[in-house]
Amino acid sequence: MKHKVLLDSQKIDIVLHRLACQLLEKHIDFSNTVLLGLQPRGVYLSHRIEKILKEKYGISSLLHGKLDITFFRDDFRRSDKIITAQETNLDFSIENKSVVLIDDVLFTGRSVRAALTAIDTFGRPKEVELLILIDRRFSRLFPIYPDYIGVHVDSIENNKVKVEWKENEQKDAVYLIE
Amino acid sequence: MEGQLSVNHLLGIKYLTNKDLALIFKTAEYFKEIINRPIKKVPTLRDITIANIFFENSTRTKLSFELAEKRLNADVINFSASGSSVKKGESLIDTVNNILAMKVDMVVIRHSSPGVPVFLSNHVNSCIINAGDGTNEHPSQGLLDAFSLQERLGDIKGKKIAIIGDILHSRVALSNIYTLKMLGAEVKICAPLSLIPKHLKTLGVEIDTDLHRTLSWCDAANVLRIQQERIKDNLFPSVREYAAAYGIKLSTLNSLGKKIVLLHPGPINRGVELTSDAADSEHAIILDQVENGVAIRMAIMYLLSSKFKKHEK
């Protein structure tokens with residue numbers, strides 16, 4: 001298997017700052033906005049974005065949660081892979097809030113579809129936006145498109161995109177595995 | 001944590017491993033969060049049909065299983081022996097197979113005879129969940145009791161847990177003993193000797209006949225009711241005398257000099273095993289047990305259903 005570096009840690013840092021600025025442009029003081037990281041790997045990204053917004057742009061109060069979609073997935077009993085649930089932490093109301101759903105890679109769109117159903121169980125948000133670090137744009141199977149995109153990657157279906165975060169894997173990097 | 005149970009049915013705690021217990025408890029934590037959301041349902045079991053087959057009376061367990069099934073979006077059918085063809089002489093296997101012919105995927109069964117769930121798991125092609133078999137086991141109750149205790153006490157390992165009351169006729173006692181021993185707790189049984197089965201010592205539990213000594217010893221007490229519907233012999237002089245010797249009062253709890261946790265699987269015979277002021281006191285986590293029962297049963301059904309037949313690819 002060949003690992004090609006798509007983004008190194010410096011480039012990831014630049015992209016994250018750009019994404020934070022794009023969010024800032026739309027949401028200004030974040031008083032009615034919720035950042036919601038998708039378990040497991042979207043949570044790393046949402047924490048990074050939150051950190052930049054707080055430390056660089058002085059956003060002091062920011063609602064931030066994590067969402068697990070295991071029980072909302074459409075491949076239960078269809079896949080040989082063992083799916084293990086993880087923690088959901090959303091201890092505030094999302095009623096009438098702007099929710100920014102955050103994940104590392106957008107591939108078929110199934111996870112995001114499941115996340116939209118899961119969000120519904122917490123109430124009725126004003127709007128839901130999608131922030132993605134890597135958009136594999138020609139692999140979509142659902143009519144789902146991100147509002148904030150780190151980078152586009154055009155790859156064939158058999159390729160894999162792997163995002164590593166220093167919190168978990170020593171360094172930040174995005175690889176294309178061929 | 002790996003996400004698969006070692007078993008295909010829930011027949012009793014004695015068939016589970018420590019890993020199974022940890023997985024069920026962890027999954028139940030997630031479901032407990034879900035059942036506290038404004039919309040308490042997940043679509044996970046939308047293609048599963050579950051039959052609740054109850055040959056014995058039940059309020060809490062039946063409602064709890066049914067609610068758990070509905071929260072998971074399963075289709076549910078309910079069967080109770082009274083008013084059914086069982087009264088016309090239909091055998092157990094025929095009854096269950098006829099229900100399964102209606103394309104049922106999972107059976108939750110309660111029966112007065114010990115061993116019925118095991119028997120069914122050997123003779124019918126379905127996933128079986130034991131909701132209480134005679135005086136044998138009531139595994140979902142054992143799990144929810146331990147889960148509730150863990151919530152309150154933290155790790156149960158080394159904790160002192162008393163089981164007080166009618167052990168002889170209780171299926172809750174056996175499932176509790178198995179679960180608590182697996183989790184590393186010290187378990188003491190407290191009852192008149194006539195209400196303690198002889199084999200119990202082989203399970204590694206202590207036996208005591210003195211209520212005050214037991215309550216002073218324990219961190220938590222699971223109080224079981226006197227099962228008058230099952231008692232055929234004169235095992236104690238009268239209910240009044242039992243209540244005087246083994247009934248737990250708030251004044252007794254307050255005199256212990258420490259706070260213990262009080263559990264009861266219900267239904268409570270107020271004034272017999274527990275006085276009202278004790279049952280409604282801050283010691284009691286009886287309503288937490290009921291809430292946790294739904295989450296535990298959701299976890300059991302979710303984990304078991306993930307194991308049976310996969311959809312065609």
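How many of the 12 residues of H6(B) are buried? The answer is 9, so the helix is largely enclosed by the rest of the structure. Here "buried" stands for under 20% relative accessible area, "exposed" for over 50%, and "partly exposed" for what falls in between (1.4 Å probe, protein chains only). Keep in mind that this is a predicted model, where local features need pLDDT of at least 70, side-chain atom pairs count only at pLDDT 80 or more, and totals for chains, interfaces and linings use all residues. As for bookkeeping, residues are numbered from 1 along each chain as its sequence is written, chains are lettered from A and ligands numbered from 1 in the order in which they are written, and side-chain values use heavy atoms, with hydrogens and water left out.

**Helix H6 of chain B**

- Helices (H or I, at least four residues) and strands (E, at least two) are DSSP runs, numbered from the N terminus.
- H6(B) covers residues 171-182, and its end C-alpha atoms sit 17 Å apart, which agrees with the 16 Å that its 12 residues should span at 1.5 Å a residue. That expected span is 1.5 Å times one less than the number of residues.
- Among the buried residues of this helix are Arg171(B), Val172(B), Leu174(B), Asn176(B) and Leu180(B).
- Ser170(B) caps the N-terminal end, with a side-chain oxygen 3.1 Å from the backbone nitrogen of Val172(B).
- After the helix comes Gly184(B), with a positive phi near 90°.

**Salt bridges**

- Over all chains there are 26 salt bridges, each one a side-chain nitrogen of Lys or Arg within 4 Å of a carboxyl oxygen of Asp or Glu.
- Lys2(A) and Glu178(A) make one of them, at 3.6 Å from N to O. This pair ties together distant parts of the chain, 176 residues apart: Lys2(A) is in the segment before strand E1 (3-7), Glu178(A) in the segment after strand E8 (173-177). Lys2(A) is exposed at 56% relative accessibility, while Glu178(A) is partly exposed at 41%.
- Glu129(A) and Lys26(A) pair up with their closest N and O atoms 2.7 Å apart. Here strand E5 (residues 127-135) meets helix H1 (residues 9-27) of chain A, and the partners are 103 residues apart. Glu129(A) is buried, at 8% relative accessible area, and Lys26(A) is partly exposed at 41%.
- In chain B, Lys14(B) bridges to Glu137(B) at 3.9 Å. The acid has a relative accessible area of 0%, so it counts as buried; Lys14(B) is partly exposed at 39%.

**Aromatic rings and a charge**

- The structure has 8 aromatic pairs over all chains. Rings of Phe, Tyr and Trp (its six-membered ring) pair if their centres lie within 6.5 Å, and planes under 30 degrees apart count as stacked, over 60 as edge-to-face and the rest as tilted.
- Phe76(A) and Tyr302(B) are stacked because their centres are 5.1 Å apart and their planes at 15°. The first lies in the loop between strand E3 (63-67) and strand E4 (98-106) of chain A and the second in helix H11 (residues 286-305) of chain B, so the pair joins two chains. Both Phe76(A) and Tyr302(B) are buried.
- Phe236(B) and Tyr242(B) give a tilted pair, 5.3 Å centre to centre with 40° between the planes, and both residues are buried.
- Ring pairs also gather Phe71(A), Phe76(A), Phe31(B) and Tyr302(B) into a cluster.
- Arg297(B) sits over the face of Phe65(B), 4.9 Å from the ring centre; the cut-offs are NZ of Lys or CZ of Arg within 6 Å of the ring centre and within 35 degrees of the ring normal.

Conventions. A polar contact is a pair of N or O atoms within 3.5 Å; within protein, one must be able to donate a hydrogen and the other to accept it, and residues adjacent in sequence count only if both atoms are side-chain atoms.
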